[in-house]
Amino acid sequence: MSKFINNLAYEASAGSGKTFMLVVRYLSLLFSGASASKILALTFTNKAAAEMQERVVLTLEELESRGELDVIVDITGYSKEHLLSERSKILTEFLNSNTKIMTIDAFFTQILRKFSLYASLMPDFSTMSSQHELKLLSRFLKEVEVSGKKETLITLSLQSKKRLSDIFLLLDQFYTKRQELSHISFRKQPLDEYEQVALEAFLELQNIVNSCEAASSTALKGVAGESFEDVASKAWIGRETMEYSTFKKCFTPEMDRHLTTIQDAIKGYNRAREQNFFYSLNELVDIYEKSKKALYMDDSELSFNDVTVLVHYLLKERIDSEFLYFRLDSQIEHMLLDEFQDTSIMQYEILKPLINEITSGKGVFENGSFFFVGDVKQSIYRFRGGVSALFGEVAHENGTLTQPLLTNYRSQKEVIEFVNRVFEHKIKDYKAQLVRPEADAGYVEVIQSDMLLDEVLKQVQKLLSLGAVADEIAILCATNGDGEEVKLHLEHAGLEVVTETTTKLINQRSIKAVLEYLKYLYFNEDIYRYNFFALIERDVEKIDAVDFNKLSLLDIVKNVIKKYSLFDSDANLLRFLTTVDRCKDIEALLFEYERIDTSAAASELSGVRVLTVHKSKGLEYEHVIVMDRLKKAPPNKDAIIYEYEGIRLQNIYLRIKGRDDLDANYANALKKEKKLVLEDSLNALYVAFTRARENLFVIKKSKDSTFDILDLSVGSFGSLKVEKEKEQIVKKDLNTLKYEEEFYGAQSDIVKVEEEIEADIKAQNFGTALHFMLEMLSEFSNEYVSDAKDMMLNKFGHILEDDEIEDIVSRISLLVQNKEFLDLSRGECFKEQSLRHNNNLKYIDLLIKHEDGIWKIIDYKSSTKYSEHHVEQVLSYIDAVEEITGETAEGYLCYLLKNEVKIVKV
Ligand SMILES: Nc1ncnc2c1ncn2[C@@H]1O[C@H](COP(=O)(O)OP(=O)(O)OP(=O)(O)O)[C@@H](O)[C@H]1O
């Protein structure tokens, strides 16, 4: 019987299986007959969207051995056998359908495209994570000048003691929150009245003290001064009474009356100043918005923030939501939301009508479903407009059943218990997580050191020496800057490091190949065609022209992947497809691809991971080192304090030093904000600590430590062990292959690069033809050489020079006479044998089941140029063959050189 709950949320701690359940939910829907194109699954980052897509595929591929299977059985009520028999059909359908697993930003972009004309935009606009900042700045400054608001800008900058770039941030915040602020209005107010009142009362006070004979010098100094600024800076301003030590001897009740007058005047003055500030800011936001619009009309390029603001505006002002969802709803019946705690109010308001429709269960939504997961403890995007209170509100509003997930499936006992102990009394309503019985190990160590970088290196080296795999060690730091320093430090010690930049999608080989292919289609320059085939390691062929007006960019890319069988479980290509989908046309892709910030699939990279805590959300690693800040944290200097009541923006305040002494409302807002800032820091540390599966190291400084709020004491729990990894995944070492990528340099660079590539292409063709002829050789004997030569000429004759042909034939003739080789090949021979191993497809030039019972693997090479790489390659073949056959295998590199055959045992 099906246990599927239509309207369900999981509010659960880190590692308790929220993402797991999201995938289970998605698959349960597919198995229950929902079409993938009607399931909208929204995540926050491209990475998360890509990973979810990959997890769906991987789970289906390996369903019989996956933990998800039992849960799907439980939820759908289908038997295991049924699910397994359906799985390949479901997988095929999934891969061929227009799936809607995407970021919330991508979803809003789709909406905006449909209604772009309502926003006076062309539907083919493109999106980037941020607009061209410099362009925007210069446009804005021009507009400010034209509209005569330069003074306003300068005053604003002076008043808030902010630089232009900071004012720009404020403008952007205000622009984003405009709708939320619409119930608050600002009035311009004169300040001098308040100044005068305060000054008069101050002078009275001064008189009293000055004429008091018993006044001490401190008392006299305490009332010295003649300007409003002097008054406002007095230390006693915030006191309840003047009757305290300094003025005690002169005190009269009249003094307190003056004090109250001064306090009220300064409070009024601050409020007036605040009003003026917001009034000016508002005026500038109009100009900011105008410049933004002008710019995105010109460039047809919007930031994600612009998209959200526009869609929100359209829904509020221009189109009713029924019409909007009428145009979308035929395609969406099920909604799944990940990391819900980070949804902003504006994002939720856009989704709300659709969620309401789905949960009401009417019309097309009769079979619809709604599902979201999140963890309020992991809400760390308050600064971006995420309000954690939203989680409860939404569940309440939509009558969603909210369930916890109590067991931690990620970490070992010591890690879970450490996290429980540390956060139990720090995070409100913290519920200790349960440990699953088999997770009875783990290690946690809190280390104090003021040589943070050295300590990190030491721990990494210790883990590596115990046999840890570098890819499974993550160093989490506070800022990108700290990350860069860690990277340099580790690299200096000879370690391989993966950071955000190395993980850029466009730096991956398969993506480079597709880009070269597209460049060829676009520029029609042969060099790109040669590059493409070199990168995919195939012989050069003709590429048919494509009509860009008839085929979408996405289809062109899909076609090339299919035609040349590039997919081969390459998670990067899946990611690339999502990225391509966001580009409006080929120009947008080819000329702007350097700005694409999608990251590559982690599984395709190798090295110690260094990343910020914020970037680590949702990820997990065997070993985690959480490092203190290298520098002292800067104090919070946000000029504006936003005060929320639940999910409603109640009020905003201008931060003014000392204002909390005089203004209770402001003091209250400040207190609330401080609490939120503290919560943010706690949450960030919670995220960091919960990334570890086995071993967790916390490295703290002796002073000004980020970890001070946790009251950690130095010590260790459990015993440090490194589980021997079953086997390292052998990767095609894509990054070590030399490849020139810079085609947009100076003219002379281009010529140089072309020459180099030409040489490489020649070598490549030569090698391919040689391999082909070897493959065509029916037996390793002289009499078959001539037939094989003919076949090779049919295929490669047109691209080879005569001397190259002669060279190939002569090398092969030498081989078939080589005694060592002939001895090795005695047995059953399999040529160009393909093996699928650890999700990698491998081609073995020659695999022999030798007469002596041992598998011999032979890899032909025409030069010794990349020999280190060759050895690695053959080692990975040996592993694969041994694992698959369960028998012993040996590997050989067979160099077919110009005048000799050299055989090297690996
Ligand atoms: N029911 C389950 N059975 C087996 N393994 C599970 C189960 N639930 C989760 N896992 C595994 O536990 C780990 C943590 O799960 P997952 O990433 O889904 O947690 P999460 O709640 O999303 O965590 P976070 O909030 O930190 O992102 C994953 O490796 C996942 O495969």
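Okay, let's start at the ligand: the residues of the shell around it split into 5 nonpolar, 8 polar and 4 charged. Keep in mind as we go that this is a predicted model.

So who is in that shell? Of the 17 residues around the ligand, the ones that come nearest are Gly17, Lys18, Phe20, Gly67 and Tyr409. If you ask which element gives the largest share, that's helix α1, residues 18–31, with 3 residues. And if you look by domain, domain 1 and domain 3 each put at least three residues into the shell.

Now, there's a record to set beside this. The UniProt entry, an unreviewed one, has a "binding site" annotation that covers Ala12, Ser13, Ala14, Gly15, Ser16, Gly17, Lys18 and Thr19. Let me pick two of those and look around them.

Take Ser13. You'll find Ser13 in the loop between β1, residues 7–11, and α1. Is Ser13 buried or exposed? It's buried, because 29 other C-beta atoms sit within 10 Å, and the cut-off for buried is 20 or more. Skipping the neighbours within four places in sequence, Ser13 is in contact with Asp375, Lys377 and Gln433.

Then Gly15. Gly15 is also placed in the loop between β1 and α1. Gly15 counts as buried too, because it has 24 C-beta neighbours inside 10 Å. What does Gly15 touch, once we leave aside its neighbours within four places in sequence? Asn408, Tyr409, Arg410, Ser411 and Thr690. You've heard one of those names already: Tyr409 is among the residues that come nearest to the ligand.

Okay, let's step back to the whole chain. The domain assignment goes like this: domain 1 is 7–113 + 317–405, domain 2 is 127–299, domain 3 is 414–502 + 605–718, domain 4 is 505–604, and domain 5 is 747–905.

I'd like to show you domain 2 against domain 3. Their C-alpha centres lie 35 Å apart. The contact between them takes 17 residues from domain 2 and 13 residues from domain 3. On the domain 2 side, the elements giving two or more residues are α8 (164–176) and α12 (253–299). Which of them gives the largest share of that side? That's α12, with 7 residues. By class, the side of domain 2 that touches domain 3 has 6 nonpolar, 5 polar and 6 charged residues.

Next up, the sheet. We have an open sheet of 7 strands, and if you read across it the order is β13-β14-β12-β15-β18-β11-β19, with mixed pairing. The edge strands are β13 (497–498) and β19 (715–718), and each of these pairs on one side only.

Let's begin at the β13 edge. β13 runs parallel to strand β14, residues 608–612, and 2 bridges join them. If you want a residue to click on there, Val497 stands opposite Val608 in β14.

Now go to β15, residues 621–627. On one side, strand β12 (residues 473–477) is joined to β15 by 4 bridges, and the two run parallel. There, Leu476 faces Val626 of β15. With strand β18, residues 692–700, β15 also pairs in the parallel sense, over 6 bridges. The partner of Tyr621 in β18 is Ala692. And how much of β15 is covered? Mostly: 6 of its 7 residues are buried.

Before I stop, two helices. First α5, residues 104–114, which is mostly covered, with 8 of its 11 residues buried. The buried ones are Ile104, Asp105, Ala106, Phe107, Phe108, Thr109, Ile111 and Leu112.

The other is α4, residues 80–96, and I'd point you to Phe94 in that helix. Why does Phe94 count as buried? Because it has 20 C-beta neighbours inside 10 Å, and 20 or more is what the cut-off asks for. Leaving aside the neighbours within four places in sequence, Phe94 is in contact with Leu30, Ala36, Val56 and Thr99. There's also Gln53, which is 41 residues from Phe94 in sequence and 9.7 Å from it in space, C-alpha to C-alpha.

That's my tour, thanks!

How values were computed:
Residues are numbered from 1 along each chain as its sequence is written. This is a predicted model: local features need pLDDT of at least 70, side-chain atom pairs count only at pLDDT 80 or more; totals for chains, interfaces and linings use all residues. A residue is buried if 20 or more other C-beta atoms lie within 10 Å of its own, exposed if 12 or fewer, and partly exposed in between; C-beta atoms are placed from the backbone. Two strands pair if DSSP finds at least two bridges between them. A residue is near a molecule or strand if its C-beta atom, placed from the backbone, lies within 6 Å of it. Ala, Val, Leu, Ile, Met, Phe, Trp, Tyr, Cys and Pro count as nonpolar, Asp, Glu, Lys and Arg as charged, and the others, Gly among them, as polar. Domain bounds come from an automatic or database domain assignment. UniProt positions are given in the numbering used here, feature names are shortened, and annotations may be inferred rather than shown by experiment. Two residues are in contact if their C-beta atoms, placed from the backbone, lie within 7 Å.
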